[in-house]
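Student: I should like to examine this structure with you. May we look at how its terms are applied?

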Amino acid sequence: MTPSAAAPTKLNKFEKYKVEKDGLAVKDELKQFSELGWEALDETDLVHRLKWLGIFFRPVTPGQFMLRLRIANGILNAEQLRVLASIVQRYGDDGSADITTRQNLQLRGIRFEDFPNIFEQLQQAGLTSVQSGMDNVRNITGSPVAGIDGAEFIDTIPLCQTIQDAITNHGTGNPEYTNLPRKFNIAVAGGPDNSVHAEINDIAYVPAFKDSHFGFNVLVGGFFSAKRCEAAIPLNAWVTDNQLADLSCAILRVFRDHGSRANRQKSRLMWLIDDWGLDKFRAAVEAEFGQPLPEAAPKDEIAWEKRDHIGIHPQKQEGLHYAGLHVPVGRLKADEMFEIARLAQVYGNGDIRLTVEQNVILTGIETAKLEAFEQESLLETFSLNPAPLVRELVSCTGARFCNFALVETKQRALALTQELTEELNLSQSVRIHWTGCPNSCGQPQVADIGLMGTKTRKDGKTVEAVDIYMGGKVGKDAQLGERVLKSIPCDDLKPVLRDLLLEKFGATARA
(Lines give C-alpha, C1' and ligand atoms only; values in the text may rest on other atoms or scores of the structure.)
Protein backbone atom coordinates (compact mmCIF):
# COMPACT_ATOMS: atom_id res chain seq x y z
CA MET A 1 0.00 0.00 0.00
CA THR A 2 1.36 3.45 -0.87
CA PRO A 3 1.26 6.31 1.64
CA SER A 4 -1.30 8.21 -0.42
CA ALA A 5 -3.57 5.16 -0.70
CA ALA A 6 -3.64 4.94 3.09
CA ALA A 7 -4.69 8.54 3.59
CA PRO A 8 -7.90 8.87 5.64
CA THR A 9 -10.72 11.18 4.65
CA LYS A 10 -9.92 13.51 7.54
CA LEU A 11 -6.43 14.99 7.50
CA ASN A 12 -4.74 17.41 9.86
CA LYS A 13 -3.13 20.47 8.29
CA PHE A 14 0.33 18.88 8.18
CA GLU A 15 -1.01 15.93 6.22
CA LYS A 16 -2.63 18.33 3.78
CA TYR A 17 0.79 19.96 3.26
CA LYS A 18 2.23 16.54 2.43
CA VAL A 19 -0.59 15.71 0.01
CA GLU A 20 0.14 18.96 -1.83
CA LYS A 21 3.88 18.21 -2.09
CA ASP A 22 6.16 15.63 -0.50
CA GLY A 23 8.64 17.21 1.87
CA LEU A 24 11.60 15.69 0.06
CA ALA A 25 10.63 17.57 -3.13
CA VAL A 26 12.33 20.71 -1.79
CA LYS A 27 15.69 18.99 -2.28
CA ASP A 28 15.56 19.75 -6.00
CA GLU A 29 14.33 23.29 -5.34
CA LEU A 30 16.95 24.37 -2.81
CA LYS A 31 19.22 26.22 -5.22
CA GLN A 32 16.26 28.19 -6.57
CA PHE A 33 15.08 28.89 -3.04
CA SER A 34 18.50 30.20 -2.02
CA GLU A 35 18.52 32.60 -4.97
CA LEU A 36 15.04 33.88 -4.11
CA GLY A 37 15.90 34.39 -0.45
CA TRP A 38 14.01 32.93 2.49
CA GLU A 39 11.66 35.91 2.75
CA ALA A 40 10.19 35.07 -0.67
CA LEU A 41 9.41 31.42 0.09
CA ASP A 42 5.98 29.93 0.49
CA GLU A 43 5.34 29.67 4.23
CA THR A 44 4.76 25.91 4.09
CA ASP A 45 8.03 25.31 2.28
CA LEU A 46 9.90 27.61 4.67
CA VAL A 47 8.46 26.47 7.98
CA HIS A 48 7.71 22.81 7.28
CA ARG A 49 9.05 21.17 4.12
CA LEU A 50 12.63 22.40 4.51
CA LYS A 51 12.79 20.23 7.65
CA TRP A 52 12.90 17.18 5.38
CA LEU A 53 16.40 18.41 4.47
CA GLY A 54 17.23 19.16 8.10
CA ILE A 55 16.81 22.94 7.60
CA PHE A 56 14.89 24.66 10.39
CA PHE A 57 13.53 28.20 10.18
CA ARG A 58 13.55 29.78 13.61
CA PRO A 59 11.22 32.78 14.16
CA VAL A 60 13.22 33.73 17.25
CA THR A 61 16.34 34.20 15.06
CA PRO A 62 14.95 35.24 11.65
CA GLY A 63 17.54 34.87 8.92
CA GLN A 64 19.63 32.48 11.04
CA PHE A 65 18.73 28.86 10.35
CA MET A 66 19.48 25.61 12.14
CA LEU A 67 20.77 22.55 10.28
CA ARG A 68 20.22 19.13 11.86
CA LEU A 69 22.53 16.40 10.62
CA ARG A 70 22.21 12.62 10.55
CA ILE A 71 25.12 10.88 12.30
CA ALA A 72 24.30 7.18 12.70
CA ASN A 73 25.44 5.89 16.11
CA GLY A 74 26.95 9.34 16.75
CA ILE A 75 30.22 8.48 14.94
CA LEU A 76 32.18 10.96 12.84
CA ASN A 77 35.84 11.56 12.10
CA ALA A 78 38.17 14.49 12.61
CA GLU A 79 37.97 15.68 9.00
CA GLN A 80 34.18 15.67 9.12
CA LEU A 81 34.18 17.66 12.35
CA ARG A 82 36.53 20.19 10.78
CA VAL A 83 34.10 20.67 7.90
CA LEU A 84 31.29 21.31 10.36
CA ALA A 85 33.49 23.65 12.40
CA SER A 86 34.32 25.67 9.29
CA ILE A 87 30.62 26.01 8.52
CA VAL A 88 29.71 27.49 11.91
CA GLN A 89 32.94 29.52 12.06
CA ARG A 90 31.71 31.58 9.10
CA TYR A 91 28.97 33.08 11.30
CA GLY A 92 31.14 34.31 14.15
CA ASP A 93 29.35 34.70 17.46
CA ASP A 94 26.09 33.56 15.85
CA GLY A 95 27.54 30.20 14.83
CA SER A 96 27.59 27.20 17.16
CA ALA A 97 26.76 23.52 17.31
CA ASP A 98 24.68 21.58 19.82
CA ILE A 99 25.10 17.90 20.62
CA THR A 100 21.60 16.44 20.87
CA THR A 101 20.12 13.70 23.02
CA ARG A 102 20.13 11.49 19.91
CA GLN A 103 23.93 11.48 19.41
CA ASN A 104 23.55 14.10 16.71
CA LEU A 105 24.71 17.64 15.89
CA GLN A 106 22.67 20.73 15.11
CA LEU A 107 24.47 23.68 13.52
CA ARG A 108 23.20 27.17 14.31
CA GLY A 109 23.43 30.64 12.82
CA ILE A 110 23.45 29.54 9.17
CA ARG A 111 22.49 32.00 6.44
CA PHE A 112 19.98 30.65 3.96
CA GLU A 113 21.94 31.55 0.84
CA ASP A 114 24.80 29.32 2.01
CA PHE A 115 22.84 26.06 2.05
CA PRO A 116 23.62 24.85 -1.50
CA ASN A 117 27.34 25.20 -0.83
CA ILE A 118 27.00 23.63 2.62
CA PHE A 119 25.24 20.58 1.17
CA GLU A 120 28.07 20.17 -1.32
CA GLN A 121 30.55 20.23 1.56
CA LEU A 122 28.50 17.67 3.49
CA GLN A 123 28.31 15.34 0.50
CA GLN A 124 32.05 15.53 -0.08
CA ALA A 125 32.66 14.77 3.61
CA GLY A 126 30.30 11.79 3.63
CA LEU A 127 27.71 13.54 5.79
CA THR A 128 24.00 14.11 5.30
CA SER A 129 21.08 15.93 6.90
CA VAL A 130 18.29 14.36 4.83
CA GLN A 131 15.06 13.27 6.54
CA SER A 132 16.20 14.55 9.92
CA GLY A 133 13.15 16.64 10.81
CA MET A 134 9.34 16.56 10.82
CA ASP A 135 7.63 13.24 10.07
CA ASN A 136 10.76 11.19 9.49
CA VAL A 137 12.91 8.71 11.36
CA ARG A 138 15.30 10.68 13.54
CA ASN A 139 18.96 9.88 14.15
CA ILE A 140 19.60 6.17 14.73
CA THR A 141 21.26 5.78 18.13
CA GLY A 142 23.64 3.04 19.27
CA SER A 143 26.25 2.32 21.90
CA PRO A 144 28.72 5.23 22.19
CA VAL A 145 31.53 2.75 22.88
CA ALA A 146 30.58 0.29 20.13
CA GLY A 147 33.53 -1.72 18.89
CA ILE A 148 35.81 -0.72 21.77
CA ASP A 149 33.87 -1.91 24.84
CA GLY A 150 35.11 -5.15 26.36
CA ALA A 151 31.63 -5.87 27.74
CA GLU A 152 29.70 -5.46 24.50
CA PHE A 153 27.90 -8.29 22.75
CA ILE A 154 27.99 -6.69 19.32
CA ASP A 155 29.30 -3.58 17.55
CA THR A 156 26.24 -1.42 16.85
CA ILE A 157 27.96 0.97 14.41
CA PRO A 158 27.38 -1.07 11.21
CA LEU A 159 23.87 -1.98 12.38
CA CYS A 160 22.85 1.65 12.88
CA GLN A 161 24.43 2.65 9.57
CA THR A 162 22.62 -0.12 7.69
CA ILE A 163 19.26 0.97 9.17
CA GLN A 164 19.96 4.61 8.29
CA ASP A 165 21.06 3.73 4.75
CA ALA A 166 17.87 1.73 4.17
CA ILE A 167 15.62 4.53 5.42
CA THR A 168 17.44 7.39 3.65
CA ASN A 169 18.75 5.58 0.53
CA HIS A 170 22.33 6.02 1.70
CA GLY A 171 21.75 9.65 2.64
CA THR A 172 20.28 10.80 -0.66
CA GLY A 173 16.63 10.63 0.40
CA ASN A 174 14.08 7.82 0.25
CA PRO A 175 10.47 8.79 -0.57
CA GLU A 176 9.24 5.42 0.73
CA TYR A 177 9.79 6.67 4.29
CA THR A 178 9.30 10.42 4.02
CA ASN A 179 5.55 10.38 4.64
CA LEU A 180 5.15 8.91 8.11
CA PRO A 181 2.22 10.04 10.27
CA ARG A 182 4.66 11.40 12.86
CA LYS A 183 8.33 11.40 13.83
CA PHE A 184 9.95 8.09 14.74
CA ASN A 185 12.93 7.00 16.85
CA ILE A 186 15.05 3.84 16.53
CA ALA A 187 17.84 2.65 18.85
CA VAL A 188 20.18 -0.36 18.95
CA ALA A 189 21.75 -1.46 22.25
CA GLY A 190 24.90 -3.54 21.97
CA GLY A 191 26.00 -3.95 25.57
CA PRO A 192 24.63 -4.66 29.04
CA ASP A 193 23.99 -1.07 30.16
CA ASN A 194 21.17 0.32 27.97
CA SER A 195 23.23 3.31 26.87
CA VAL A 196 20.61 4.22 24.24
CA HIS A 197 17.59 4.68 26.56
CA ALA A 198 15.78 1.85 24.77
CA GLU A 199 12.55 2.53 26.63
CA ILE A 200 11.92 5.91 24.96
CA ASN A 201 12.19 4.75 21.33
CA ASP A 202 9.50 3.73 18.85
CA ILE A 203 11.70 0.73 18.02
CA ALA A 204 14.48 -0.50 20.29
CA TYR A 205 16.65 -3.56 19.81
CA VAL A 206 18.09 -4.93 23.06
CA PRO A 207 20.64 -7.79 23.18
CA ALA A 208 19.24 -11.21 24.05
CA PHE A 209 20.39 -14.82 23.66
CA LYS A 210 17.96 -17.46 22.44
CA ASP A 211 18.97 -21.11 22.37
CA SER A 212 22.59 -19.94 22.75
CA HIS A 213 22.29 -17.76 19.64
CA PHE A 214 22.80 -13.99 19.89
CA GLY A 215 20.14 -11.61 18.68
CA PHE A 216 17.82 -8.87 19.84
CA ASN A 217 14.50 -8.65 21.61
CA VAL A 218 12.31 -5.96 20.09
CA LEU A 219 10.59 -3.16 22.01
CA VAL A 220 8.06 -0.84 20.35
CA GLY A 221 6.07 2.30 21.03
CA GLY A 222 8.17 4.37 23.43
CA PHE A 223 7.71 8.13 23.05
CA PHE A 224 7.34 11.52 24.69
CA SER A 225 4.82 14.15 23.63
CA ALA A 226 2.96 17.07 25.13
CA LYS A 227 -0.15 14.90 25.50
CA ARG A 228 1.30 11.58 26.60
CA CYS A 229 4.52 9.77 27.51
CA GLU A 230 4.90 6.00 27.32
CA ALA A 231 7.72 3.52 27.76
CA ALA A 232 8.29 1.03 24.95
CA ILE A 233 6.68 -2.39 25.34
CA PRO A 234 7.89 -5.85 24.18
CA LEU A 235 6.76 -6.90 20.70
CA ASN A 236 7.42 -10.51 21.76
CA ALA A 237 9.83 -10.87 18.86
CA TRP A 238 13.48 -11.84 18.52
CA VAL A 239 15.64 -11.11 15.47
CA THR A 240 19.24 -11.58 14.42
CA ASP A 241 21.58 -8.70 13.68
CA ASN A 242 21.23 -9.04 9.89
CA GLN A 243 17.45 -8.56 10.15
CA LEU A 244 17.34 -5.20 11.93
CA ALA A 245 17.10 -3.00 8.85
CA ASP A 246 14.43 -5.16 7.18
CA LEU A 247 12.32 -5.36 10.35
CA SER A 248 12.68 -1.61 10.96
CA CYS A 249 11.45 -0.89 7.45
CA ALA A 250 8.56 -3.35 7.81
CA ILE A 251 7.40 -1.64 11.02
CA LEU A 252 7.75 1.75 9.34
CA ARG A 253 5.58 0.65 6.42
CA VAL A 254 2.87 -0.59 8.78
CA PHE A 255 3.02 2.72 10.63
CA ARG A 256 3.06 4.69 7.38
CA ASP A 257 0.06 2.92 5.94
CA HIS A 258 -2.10 2.59 9.05
CA GLY A 259 -1.06 5.25 11.58
CA SER A 260 -3.51 8.04 12.35
CA ARG A 261 -3.22 11.19 10.26
CA ALA A 262 -6.16 13.05 11.79
CA ASN A 263 -4.93 14.22 15.20
CA ARG A 264 -1.17 14.83 15.47
CA GLN A 265 -1.39 14.49 19.23
CA LYS A 266 -2.50 10.87 18.68
CA SER A 267 -0.29 9.90 15.75
CA ARG A 268 2.78 8.28 17.29
CA LEU A 269 3.27 4.53 16.91
CA MET A 270 1.92 3.65 20.37
CA TRP A 271 -1.49 5.06 19.48
CA LEU A 272 -1.72 2.60 16.58
CA ILE A 273 -0.69 -0.26 18.87
CA ASP A 274 -3.33 0.81 21.37
CA ASP A 275 -5.98 1.00 18.66
CA TRP A 276 -5.20 -2.40 17.15
CA GLY A 277 -3.89 -4.32 20.12
CA LEU A 278 -0.40 -5.81 20.20
CA ASP A 279 -1.38 -9.12 18.55
CA LYS A 280 -2.90 -7.47 15.48
CA PHE A 281 0.01 -5.06 15.21
CA ARG A 282 2.54 -7.89 15.45
CA ALA A 283 0.66 -9.89 12.79
CA ALA A 284 0.70 -6.89 10.43
CA VAL A 285 4.43 -6.47 10.98
CA GLU A 286 5.02 -10.16 10.25
CA ALA A 287 3.04 -9.89 7.03
CA GLU A 288 5.05 -6.87 5.94
CA PHE A 289 8.31 -8.49 7.06
CA GLY A 290 7.49 -11.52 4.92
CA GLN A 291 8.22 -14.22 7.47
CA PRO A 292 7.18 -15.26 10.99
CA LEU A 293 8.88 -13.54 13.90
CA PRO A 294 10.27 -15.89 16.55
CA GLU A 295 9.01 -15.21 20.05
CA ALA A 296 11.26 -13.08 22.24
CA ALA A 297 14.08 -14.60 24.26
CA PRO A 298 13.01 -15.21 27.89
CA LYS A 299 15.24 -12.39 29.09
CA ASP A 300 17.43 -9.69 27.66
CA GLU A 301 21.03 -8.93 28.60
CA ILE A 302 20.52 -5.44 30.05
CA ALA A 303 22.08 -6.10 33.46
CA TRP A 304 24.06 -2.98 34.38
CA GLU A 305 23.25 0.47 35.59
CA LYS A 306 23.89 3.00 32.86
CA ARG A 307 27.42 4.36 32.41
CA ASP A 308 28.16 7.95 31.40
CA HIS A 309 31.57 7.12 29.81
CA ILE A 310 33.21 10.30 31.13
CA GLY A 311 36.91 10.04 31.97
CA ILE A 312 39.71 7.75 30.75
CA HIS A 313 38.77 4.09 30.21
CA PRO A 314 40.57 1.07 28.71
CA GLN A 315 39.36 -0.24 25.39
CA LYS A 316 39.12 -3.92 24.60
CA GLN A 317 42.05 -3.35 22.23
CA GLU A 318 45.16 -3.82 24.37
CA GLY A 319 47.11 -0.66 25.11
CA LEU A 320 44.35 1.71 23.88
CA HIS A 321 41.97 3.93 25.81
CA TYR A 322 38.98 6.14 25.17
CA ALA A 323 38.40 9.51 26.79
CA GLY A 324 34.96 10.83 27.63
CA LEU A 325 34.91 14.64 27.61
CA HIS A 326 32.11 16.43 29.44
CA VAL A 327 30.63 19.17 27.21
CA PRO A 328 28.57 21.52 29.41
CA VAL A 329 24.94 21.32 28.15
CA GLY A 330 26.27 20.05 24.81
CA ARG A 331 27.11 23.40 23.20
CA LEU A 332 30.21 23.74 21.01
CA LYS A 333 31.87 26.75 19.42
CA ALA A 334 33.82 26.54 16.18
CA ASP A 335 37.24 26.82 17.83
CA GLU A 336 36.32 24.04 20.27
CA MET A 337 35.23 21.81 17.39
CA PHE A 338 38.54 22.38 15.61
CA GLU A 339 40.38 21.57 18.83
CA ILE A 340 38.43 18.36 19.40
CA ALA A 341 39.32 17.29 15.87
CA ARG A 342 43.00 18.06 16.54
CA LEU A 343 43.05 16.06 19.76
CA ALA A 344 41.33 13.14 18.02
CA GLN A 345 44.08 12.97 15.42
CA VAL A 346 47.11 13.82 17.57
CA TYR A 347 46.29 11.43 20.40
CA GLY A 348 43.71 9.00 19.05
CA ASN A 349 42.62 7.28 15.87
CA GLY A 350 40.76 10.33 14.54
CA ASP A 351 37.28 9.17 15.56
CA ILE A 352 34.85 11.35 17.53
CA ARG A 353 31.76 9.93 19.18
CA LEU A 354 28.71 11.75 20.50
CA THR A 355 26.60 10.48 23.40
CA VAL A 356 22.94 10.87 24.33
CA GLU A 357 24.17 12.81 27.38
CA GLN A 358 25.49 15.46 24.94
CA ASN A 359 29.15 14.63 25.51
CA VAL A 360 32.13 13.66 23.32
CA ILE A 361 34.29 10.53 23.31
CA LEU A 362 37.74 10.29 21.69
CA THR A 363 39.04 6.80 20.95
CA GLY A 364 42.26 4.92 20.26
CA ILE A 365 44.54 6.79 22.68
CA GLU A 366 47.74 4.89 23.41
CA THR A 367 48.87 4.50 27.01
CA ALA A 368 52.07 6.42 26.32
CA LYS A 369 50.07 9.46 25.15
CA LEU A 370 47.68 9.68 28.08
CA GLU A 371 49.79 11.94 30.28
CA ALA A 372 50.29 14.53 27.55
CA PHE A 373 46.64 14.28 26.54
CA GLU A 374 45.47 15.04 30.06
CA GLN A 375 47.51 18.26 30.06
CA GLU A 376 45.69 19.71 27.04
CA SER A 377 44.03 23.04 27.80
CA LEU A 378 40.72 22.08 26.21
CA LEU A 379 40.16 19.65 29.08
CA GLU A 380 39.88 22.59 31.45
CA THR A 381 36.57 23.36 29.67
CA PHE A 382 35.58 19.83 28.66
CA SER A 383 36.51 18.06 31.86
CA LEU A 384 37.41 14.42 32.33
CA ASN A 385 36.16 14.64 35.91
CA PRO A 386 33.32 17.18 36.23
CA ALA A 387 31.51 17.91 39.48
CA PRO A 388 28.66 15.49 40.34
CA LEU A 389 25.84 17.92 39.59
CA VAL A 390 27.30 19.10 36.29
CA ARG A 391 28.44 15.65 35.18
CA GLU A 392 25.06 14.40 33.96
CA LEU A 393 23.35 17.70 33.22
CA VAL A 394 21.32 17.58 30.00
CA SER A 395 19.41 20.40 28.33
CA CYS A 396 17.36 21.00 25.23
CA THR A 397 17.92 24.06 23.03
CA GLY A 398 15.69 26.40 25.04
CA ALA A 399 13.98 29.68 24.21
CA ARG A 400 17.09 31.38 22.87
CA PHE A 401 16.85 29.41 19.63
CA CYS A 402 13.63 27.37 19.73
CA ASN A 403 10.21 28.96 19.27
CA PHE A 404 8.50 26.02 21.04
CA ALA A 405 10.46 26.51 24.26
CA LEU A 406 8.64 28.33 27.04
CA VAL A 407 11.81 29.01 29.05
CA GLU A 408 15.51 29.49 28.46
CA THR A 409 17.24 26.26 29.43
CA LYS A 410 20.94 25.79 28.64
CA GLN A 411 22.46 28.87 30.23
CA ARG A 412 20.05 28.83 33.17
CA ALA A 413 20.67 25.12 33.75
CA LEU A 414 24.43 25.55 33.73
CA ALA A 415 24.46 28.65 35.93
CA LEU A 416 22.07 27.20 38.50
CA THR A 417 23.92 23.89 38.67
CA GLN A 418 27.25 25.63 39.14
CA GLU A 419 25.81 27.71 41.98
CA LEU A 420 24.46 24.61 43.70
CA THR A 421 27.81 22.88 43.22
CA GLU A 422 29.49 25.70 45.15
CA GLU A 423 26.99 25.38 48.00
CA LEU A 424 26.62 21.60 48.34
CA ASN A 425 28.72 18.48 48.66
CA LEU A 426 27.52 15.40 46.80
CA SER A 427 29.04 11.93 46.81
CA GLN A 428 27.03 10.78 43.80
CA SER A 429 26.08 12.12 40.39
CA VAL A 430 22.53 13.38 39.99
CA ARG A 431 20.99 13.29 36.54
CA ILE A 432 19.26 16.64 36.01
CA HIS A 433 17.49 17.14 32.65
CA TRP A 434 16.01 20.41 31.41
CA THR A 435 13.45 20.74 28.62
CA GLY A 436 11.90 23.99 27.49
CA CYS A 437 8.42 22.69 26.72
CA PRO A 438 6.21 19.58 26.92
CA ASN A 439 7.71 18.19 23.70
CA SER A 440 10.42 16.84 26.05
CA CYS A 441 13.48 17.05 23.79
CA GLY A 442 15.53 17.23 26.99
CA GLN A 443 13.93 14.00 28.25
CA PRO A 444 13.07 15.07 31.83
CA GLN A 445 11.12 11.85 32.38
CA VAL A 446 14.32 9.73 32.43
CA ALA A 447 16.13 11.97 34.93
CA ASP A 448 16.62 11.84 38.67
CA ILE A 449 15.31 15.41 38.57
CA GLY A 450 13.57 16.57 35.40
CA LEU A 451 12.55 20.16 34.72
CA MET A 452 9.94 20.98 32.07
CA GLY A 453 9.39 24.57 31.00
CA THR A 454 6.01 26.21 31.48
CA LYS A 455 4.55 29.60 32.40
CA THR A 456 2.94 30.74 35.65
CA ARG A 457 1.73 33.89 37.35
CA LYS A 458 3.81 35.65 39.99
CA ASP A 459 3.07 39.09 41.46
CA GLY A 460 0.47 39.65 38.77
CA LYS A 461 2.86 38.90 35.90
CA THR A 462 3.42 35.89 33.63
CA VAL A 463 6.87 34.44 34.32
CA GLU A 464 8.99 31.48 33.23
CA ALA A 465 8.50 28.40 35.38
CA VAL A 466 9.07 24.64 35.46
CA ASP A 467 7.23 21.49 36.39
CA ILE A 468 9.50 19.07 38.27
CA TYR A 469 9.67 15.34 37.53
CA MET A 470 11.35 12.71 39.69
CA GLY A 471 11.84 8.96 39.71
CA GLY A 472 13.18 8.43 36.21
CA LYS A 473 15.56 5.47 36.02
CA VAL A 474 17.91 4.45 33.22
CA GLY A 475 19.90 1.29 32.64
CA LYS A 476 18.54 -1.94 34.10
CA ASP A 477 14.82 -1.82 34.95
CA ALA A 478 14.46 1.61 33.36
CA GLN A 479 11.31 3.55 34.11
CA LEU A 480 9.83 6.97 33.44
CA GLY A 481 9.57 9.55 36.20
CA GLU A 482 6.42 11.38 37.27
CA ARG A 483 5.61 15.02 37.90
CA VAL A 484 5.90 15.88 41.58
CA LEU A 485 5.75 19.71 41.56
CA LYS A 486 3.98 22.15 39.25
CA SER A 487 4.70 25.67 38.03
CA ILE A 488 7.71 26.61 40.13
CA PRO A 489 8.87 30.08 38.97
CA CYS A 490 12.42 29.87 37.65
CA ASP A 491 13.45 32.72 39.92
CA ASP A 492 12.34 30.60 42.91
CA LEU A 493 13.82 27.33 41.67
CA LYS A 494 17.21 27.29 43.37
CA PRO A 495 16.03 26.70 46.97
CA VAL A 496 13.58 24.05 45.72
CA LEU A 497 16.36 22.13 43.98
CA ARG A 498 18.64 22.63 46.96
CA ASP A 499 16.08 21.06 49.28
CA LEU A 500 15.53 18.12 46.92
CA LEU A 501 19.26 17.45 46.76
CA LEU A 502 19.60 17.62 50.54
CA GLU A 503 16.56 15.46 51.27
CA LYS A 504 16.63 12.92 48.42
CA PHE A 505 20.21 12.60 47.18
CA GLY A 506 22.39 12.82 50.27
CA ALA A 507 23.78 16.28 49.64
CA THR A 508 25.30 18.21 52.53
CA ALA A 509 25.83 21.94 52.85
CA ARG A 510 29.39 23.18 52.42
CA ALA A 511 30.90 24.84 55.46
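The following exchange considers a strand and a helix.

Tutor: This is a predicted model, in which local features need pLDDT of at least 70, side-chain atom pairs count only at pLDDT 80 or more, and totals for chains, interfaces and linings use all residues. Residues are numbered from 1 along each chain as its sequence is written, and side-chain values use heavy atoms, with hydrogens and water left out.

Student: What makes strand E17 largely enclosed by the rest of the structure?

Tutor: Buried means under 20% relative accessible area, exposed over 50%, and partly exposed in between (1.4 Å probe, protein chains only). Of the 7 residues of E17 (residues 360-366), 6 are buried, so the strand is largely enclosed.

Student: How do you know that strand E14 pairs with E17?

Tutor: Pairing requires that DSSP find at least two bridges between two strands. E14 (residues 320-325) and E17 have 5 bridges in the antiparallel sense, and therefore they pair. One of the bridges joins His321 to Ile365 in E17.

Student: How do you know that the length of helix H9 agrees with the expected span?

Tutor: The expected span is 1.5 Å times one less than the number of residues. For the 12 residues of H9 (residues 278-289) this gives 16 Å, and the end C-alpha atoms are 16 Å apart, so the two agree.

Student: Which residues of H9 are buried, and which are exposed on the other side?

Tutor: Phe281, Arg282, Val285 and Phe289 are buried in H9. They cover an arc of only 100° around the axis, which puts them on the same side of H9. On the other side, Asp279 and Ala287 are exposed.

Note on methods:
Helices (H or I, at least four residues) and strands (E, at least two) are DSSP runs, numbered from the N terminus. The arc is that of the directions from the helix axis to the C-beta atoms.
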